[in-house]
Amino acid sequence: MFIEVSFVALNMVEIAVLLKQVPDTNAKIAILGGRVDESAVTSWVTSPYDEYALEAALQHIEAAGGSITAITLGPDRADKVLKDAAALGVTKLVRIWGDGWEDLDSNQVQFALVDAVRASGAELVYCGKQSADRNQGSTGPGVAEMLGAACVVEVSEFDASSSSYVRPASSGSEKVTVSSPAVITFSKTESDLRRPNVRGIMMSKKAQIDLVSSDVGSSQVNFNGDSSPAEKPPGKTFQGSDCIPEVVGLLRDEAKVL
Amino acid sequence: MSQTSCRLFKGEDMVYEALDFYDVDSQLSEEEIMVRDMVRDWVDAEVLPKIEHACRDGVFPDEWRVALGEMGVLGAPLDGYGCPGLSYVAYGVICRELERGDSGLRSFASVQGSLAMYPIWDFGSEEQKNKYLPKMASGDLIGCFGLTEPDYGSNPGGMITKAEDKGDHYILNGAKMWITNGTISDLAIVWAKLDGVIRGFIVETGDEGYSAPEMKGKHSLKASVTSELVFQDCKIPKDRILPGVKGLKGPFSCLNNARYGISWGALGAAQACFHSAKEYTLSRIQFDVPIASYQLIQNKLAWMLREITKGQLLALELGKKKDDGSWIPEHISLAKMNNVDIALEIARMARDMHGANGILDEYCIMRHMANLESVKTYEGTHDIHNLILGRHITGIQSFTRSE
Ligand SMILES: Cc1cc2nc3c(=O)[nH]c(=O)nc-3n(C[C@H](O)[C@H](O)[C@H](O)COP(=O)(O)OP(=O)(O)OC[C@H]3O[C@@H](n4cnc5c(N)ncnc54)[C@H](O)[C@@H]3O)c2cc1C
């Protein structure tokens with residue numbers, strides 16, 4: 001009789017997770033003087049896809065060992081996303097900010113993030129595929145480019161046992177592993193996001209946030225102003241049984257709910 | 001860990017904007033806000049989608065026990081022995097957020113924390129604390145609190161349940177009624193007379209001569225388990241008496257804490273009803289315009305806003321007093337009585353404003369309304385709190401004609 005011992009040898013990993021603070025995706029956005037009126041935003045949250053990136057990072061280090069550095073770029077209020085990450089067990093927290101940084105363009109943002117990633121010593125960078133406010137989707141690939149790192153985007157599943165990533169492909173989905181340095185951007189994964197608990201919240205109170213800045217050069221993109229989306233057209237009203245075929249047709253072909 | 005739904009993917013109907021007219025929550029600490037958001041998100045994701053089923057089936061879903069333990073909110077203001085060690089304000093906020101979901105859920109947490117863990121924490125022996133508290137904080141052990149009897153409700157001092165010292169053990173005889181969590185609990189804190197003096201005992205499920213049959217047929221707090229506790233020559237070891245307290249002070253100390261939590265909890269139910277009434281009256285068209293545009297409706301909404309705001313200020317001020325120790329029981333009576341009273345009135349008013357829809361379980365209001373009827377009665381009825389305040393003002397007790 002013999003006992004077969006099999007285990008997957010995983011290396012300890014250092015992961016930097018990029019977290020962006022955005023207005024609560026359910027919050028009403030007001031424009032004041034050609035700008036989003038931040039003072040009218042009642043609640044700020046971590047951008048949802050970034051939460052999936054953080055969850056994957058937590059699962060990754062649970063399986064492999066290592067540590068996570070949570071990095072955000074934002075004003076004072078953005079400390080909240082770091083504290084929330086701390087409540088889930090992240091111990092290294094970095095916020096990047098500088099004077100007059102309200103209108104950085106994406107290159108500048110990536111410069112600053114790359115500096116912080118380098119300083120953290122991380123070999124893997126996890127982030128959301130796009131932020132819920134600007135939806136540009138440029139951060140992950142941009143950071144990868146500047147780091148000279150591999151980049152896998154729109155990952156929908158992280159497999160902790162084999163450190164592999166699943167992403168949509170023309171065949172349905174593809175599973176990849178990647179050698180570091182690498183940047184992975186996440187969409188909504190199958191994973192349930194973990195909830196903080198009181199113990200974590202108490203720990204987060206003690207967590208230190210490192211405030212850093214960078215030389216990001218000047219912006220190449222001029223910001224000309226925000227505007228609200230066009231008003232929704234008024235709803236259509238149908239009366240009488242005669243219009244049933246038309247309504248069914250519209251529901252099927254236009255609204256695509258049937 | 002339990003799952004949470006991501007905000008981006010929440011349906012519109014799940015958006016809950018808590019009414020906080022005076023921005024009372026801005027006085028909370030960062031930690032208290034994080035605890036609030038944790039519980040609020042959990043209620044959105046796990047409680048609201050399931051509460052109506054739980055009520056129809058008359059069950060307290062066991063997964064809620066597990067989640068409360070995982071979140072670490074049970075016995076919130078107690079510290080040491082694996083307990084959370086939060087402020088009383090945080091405990092209040094937790095009660096408010098839970099009761100926004102359902103009063104039955106908050107009742108579970110109140111009983112576990114304030115009525116079962118607290119007496120062990122304050123009056124128990126070192127061994128009792130070590131044995132029970134860590135597992136109660138994690139939700140692995142559930143407790144209940146047996147004070148009320150069929151013939152002694154507002155007047156618990158007259159209780160009949162008695163304990164006898166039999167040398168190496170105690171024998172309990174009697175019955176308790178209306179006991180929250182009774183049937184699902186692993187241990188009961190039972191108040192009984194030993195040589196005529198009220199003492200607290202820990203009775204474990206499985207102790208000889210102890211049973212806890214469930215009471216059925218409630219129209220209120222349907223998602224909360226309510227039971228009788230029956231002691232027929234129930235034999236318990238000597239080390240199960242709570243050594244640290246004698247007389248009514250024991251149960252009343254527990255009730256002070258639970259009542260404090262209720263003063264916050266009721267606001268959660270009231271906020272949920274206000275939220276529903278506001279949304280409904282803005283969207284319901286009668287006589288060609290939203291009913292919210294009529295003065296009568298606006299008068300009602302304004303009254304709700306006014307009472308909830310006053311209640312919030314009252315609860316927060318009381319919470320600060322609990323934290324700095326400057327409270328007296330009468331402060332708690334005032335807050336419990338007032339906030340439950342206005343919550344019930346708001347629920348009834350909201351029910352009316354929803355018209356026929358108001359009786360459907362699609363809306364939370366009738367459930368809150370029915371629940372709050374219990375909340376008005378338990379933990380000292382509305383009028384008993386009036387009498388407590390009356391005695392405080394005049395120095396004359398009016399509970400009984402004797403003496
Ligand atoms: C759902 C639910 C859960 C409960 N859970 C628990 C529990 O976990 N543990 C526990 O021990 N108990 C529990 N109770 C019991 C609760 O605490 C009692 O119901 C409450 O104390 C009132 O007692 P009673 O029902 O006997 O009413 P009574 O005392 O008979 O009161 C009936 C009415 O008479 C009034 N009244 C009584 N005395 C006076 C007076 N002197 N002057 C003027 N008016 C007076 C009251 O205000 C009330 O309006 C629960 C009750 C309910 C409904």
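The exercises below, each with a worked solution, concern a predicted model with chains A and B and a ligand.

Residues are numbered from 1 along each chain as its sequence is written, while chains are lettered from A and ligands numbered from 1 in the order in which they are written. In this predicted model, local features need pLDDT of at least 70 and side-chain atom pairs count only at pLDDT 80 or more, whereas totals for chains, interfaces and linings use all residues; side-chain values use heavy atoms, with hydrogens and water left out.

**Exercise 1. Describe chain A as a whole, giving its helices and strands, its spans and its buried share.**

Solution. Begin with the secondary structure: chain A has six helices and 14 strands, where helices (H or I, at least four residues) and strands (E, at least two) are DSSP runs numbered from the N terminus. Next take the extent of the C-alpha trace, which spans about 75 × 60 × 40 Å along its principal axes. Then consider burial, for which buried means under 20% relative accessible area, exposed over 50%, and partly exposed in between, with a 1.4 Å probe and protein chains only; by this criterion 42% of the 258 residues of chain A count as buried. Finally, contact means heavy atoms within 4.5 Å, and among contacts in chain A between residues at least 6 apart in sequence, 73% join residues at least 24 apart.

**Exercise 2. Determine which residues of helix 4 and helix 5 of chain A are buried, and what they pack against.**

Solution. In helix 4 (residues 139–147) of chain A, the buried residues are Gly140(A), Gly142(A), Val143(A) and Ala144(A). These pack against strand 1 (13–18), helix 3 (106–120), strand 8 (124–128), strand 9 (150–155) and strand 13 (182–186) of chain A. Helix 4 of chain A is followed by Gly148(A), which has a positive phi near 65°. Turning to helix 5 (residues 198–206) of chain A, one finds Val198(A), Gly200(A), Ile201(A), Met202(A) and Ser204(A) buried. The packing partners of the buried residues in helix 5 of chain A are helix 2 (79–87) of chain A and, from chain B, helix 1 (30–47), helix 3 (62–71) and strand 2 (83–84).

**Exercise 3. Locate Ser67(A), decide whether it is buried or exposed, and identify its side-chain polar contact with Glu14(A).**

Solution. Ser67(A) belongs to strand 6 (residues 66–73) of chain A, and it counts as buried because its relative accessibility is 16%. Leaving aside neighbours within four places in sequence, Ser67(A) is in contact with Val13(A), Glu14(A), Ile15(A), Ile61(A) and Lys92(A). With Glu14(A) there is a polar contact between side chains at 2.7 Å; a polar contact is a pair of N or O atoms within 3.5 Å, where, within protein, one must be able to donate a hydrogen and the other to accept it, and residues adjacent in sequence count only if both atoms are side-chain atoms.

**Exercise 4. Place Gln112(B) and Val245(B) in chain B, and list what each touches.**

Solution. Gln112(B) lies in helix 5 (residues 103–123) of chain B and is buried, with a relative accessible area of 0%. The side chain of Gln112(B) reaches the backbone oxygen of Met136(B) at 2.9 Å. Not counting residues up to four places away in sequence, Gln112(B) touches Leu74(B), Met117(B), Met136(B), Leu141(B), Ile142(B), Gly143(B) and Asn181(B). Val245(B), by contrast, is found in the loop between strand 9 (226–237) and helix 7 (249–283) of chain B, and is likewise buried, at a relative accessible area of 4%. With the same exclusion of residues up to four places away, Val245(B) touches Phe123(B), Trp191(B), Arg199(B) and Gly250(B).

**Exercise 5. Work out which residues come nearest to the ligand, and which domains of chain B supply its shell.**

Solution. A residue is near a molecule if one of its heavy atoms lies within 4 Å of it; of the 18 residues around the ligand, Thr148(B), Ser154(B), Trp178(B), Thr180(B) and Thr381(B) come nearest. Among the polar pairs, a ligand oxygen is 2.6 Å from an N or O atom in the side chain of Ser154(B), and a ligand nitrogen is 2.9 Å from a backbone N or O atom of Phe399(B). The domain assignment, automatic or from a database, gives chain B domain 1 (7–137), domain 2 (143–240) and domain 3 (249–394). At least three residues of the shell come from each of domain 2 and domain 3 of chain B.
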